[in-house]
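Please open the structure in your viewer and keep the selection tool at hand. The tour proceeds one selection at a time.

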Amino acid sequence: MATCTVSGVRLAGIASAVPDRVQTLASHAAVFGEADVRKISDSIGVKSRQIAFDGMCTSDICFAAADRLLNDLAWPRESVDALIFVSQTPDYVLPATSCCLQERLRLSTRCAAFDVGLGCSGHIYGLWIASSLLVGGGARRVVLLTGDTSSYICSPLDRSVALLFGDAGTATALEADGSASPMAFVLGTDGSGRDALIVPAGRYRNPHTAETATRIAEDNGSSRSAEDLFMDGAEIFAFTLREVPALIQAVLQGAGWNIDEVDAFVFHQANQFMLQHLARRLKLPKDKLILAMEEFGNTGSASVPLAMSARLAPRLRTEALRSVLAGFGVGYSWGAVALTCGPMVMPDVVKVSGEMVGAVSPEGR
Amino acid sequence: MMTKREFLSELEEILEADPGSLKGNEPLNGLEGWDSLAVVSLIAMVDEQLDMTLSPKKIAKAGSVADIIGLLGDKIAP
């Protein structure tokens, strides 16, 4: 599939939420040493992240974002036709977390709900799926939830991941609107990158054993088990250089835009070094590359909407912005969309306290 | 295209080594500063300056600075 253009879909709003618990990179100095922490922090552009409370799931954070968004939009709960939950840290092996959230958000039992197992590319794929449901699937209103609690799958002793990932959850509301401007999507997959970003054991290909759960030290001192996230930074960087510049060129061409016509480039917040390198290669004007890593880290499929909430909300509440959103990484999977969004409902980033675990919307919404 | 000396200067910067300290034959696993961040910085530098994507697998197989230079082929003037 090359470019896919969707017309008749409007983004009504975006809300992002993070656990109300800060963890600074400095707090890892005891494990990795101050010098290493500073070097890594400077490279990835992260100073702190928001980390889930014990027992808090991605669903709780997404719930907070969705509940806030639906209230701010004044959308009656029964008007939501479909609910999509994009995450690689669902509540259970089964049932789908979106089913649980249908109940918690008091959506209609006539709502179609399902999960999508993607990470870095997840928000773009989610927008594409939601748009397709609105154009061809008989839906009039769709809520897309994206997020991860990656902190649960990272070994705190692994310097390549322990300092990078943060937790977050977001909600994007989309609706059918004949007057909306078109969106151009480009999507792709390369499964040969499977081993570059993987939790190797714990499900069915490599079931859990005492051995898979045992952390083993590497040459550089980092320590992880087969049930912890493994990330090969160099391979992922090389993949990004191979695919992403061409991806952005393709989506701009699909939209018929040239680079100077774009108001904001919001890329998956993988790491600052990589984003700045991409911006240089693509010759993006510096102020148009959106960065939100310093206080959130890499939040997986939440990172694009979270960056929009944290950095573009004041503008998106009142203006229409030509935006290029792109997500790329785990899979390998990638996608980009060129769209004009705003004005739309954009609450400030929601902070989720420990009491919100398992929360349910009050009756009568 | 760059000269071998220019490449060594770029590598010195990545490794935070003193300018002129690299001779070009050093084994990599003894080189101070040669870590995963340095590998990523090297890939970025080669991409930007030589418009070439180095393979991480080939970098991992390289034993010395000379081996790395070998990966760049005719992009390095002698």
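Begin at Gly138(A), just after helix H5(A), where this glycine takes a positive phi of about 80°. The model is predicted: local features need pLDDT of at least 70, side-chain atom pairs count only at pLDDT 80 or more, and totals for chains, interfaces and linings use all residues. Residues are numbered from 1 along each chain as its sequence is written, while chains are lettered from A and ligands numbered from 1 in the order in which they are written.

Next, select residues 122–136 of chain A, which form helix H5 (helices are DSSP runs of H or I, at least four residues, numbered from the N terminus). Its 15 residues should span 21 Å, at 1.5 Å times one less than the number of residues, and the end C-alpha atoms are indeed 21 Å apart. Buried residues in H5(A) include Tyr125(A) and Leu134(A); buried means that 20 or more other C-beta atoms, placed from the backbone, lie within 10 Å of the residue's own.

Now select Val251(A) and Val337(A), the residues with the most contacts inside the largest nonpolar core, which has 127 residues. Such a core is a set of buried Ala, Val, Leu, Ile, Met, Phe, Trp, Tyr and Cys residues joined through C-beta atoms within 7 Å. Helix H6 (residues 233–255) of chain A gives the most to this core, with 12 residues.

Finally, turn to chain B. A second, separate core of six residues includes Phe7(B), Leu15(B), Val65(B) and Ile68(B).

How values were computed: Helix = DSSP H or I, 4+ residues; strand = E, 2+ residues; numbered from the N terminus. Buried ≥ 20, exposed ≤ 12 C-beta atoms within 10 Å, placed from the backbone.
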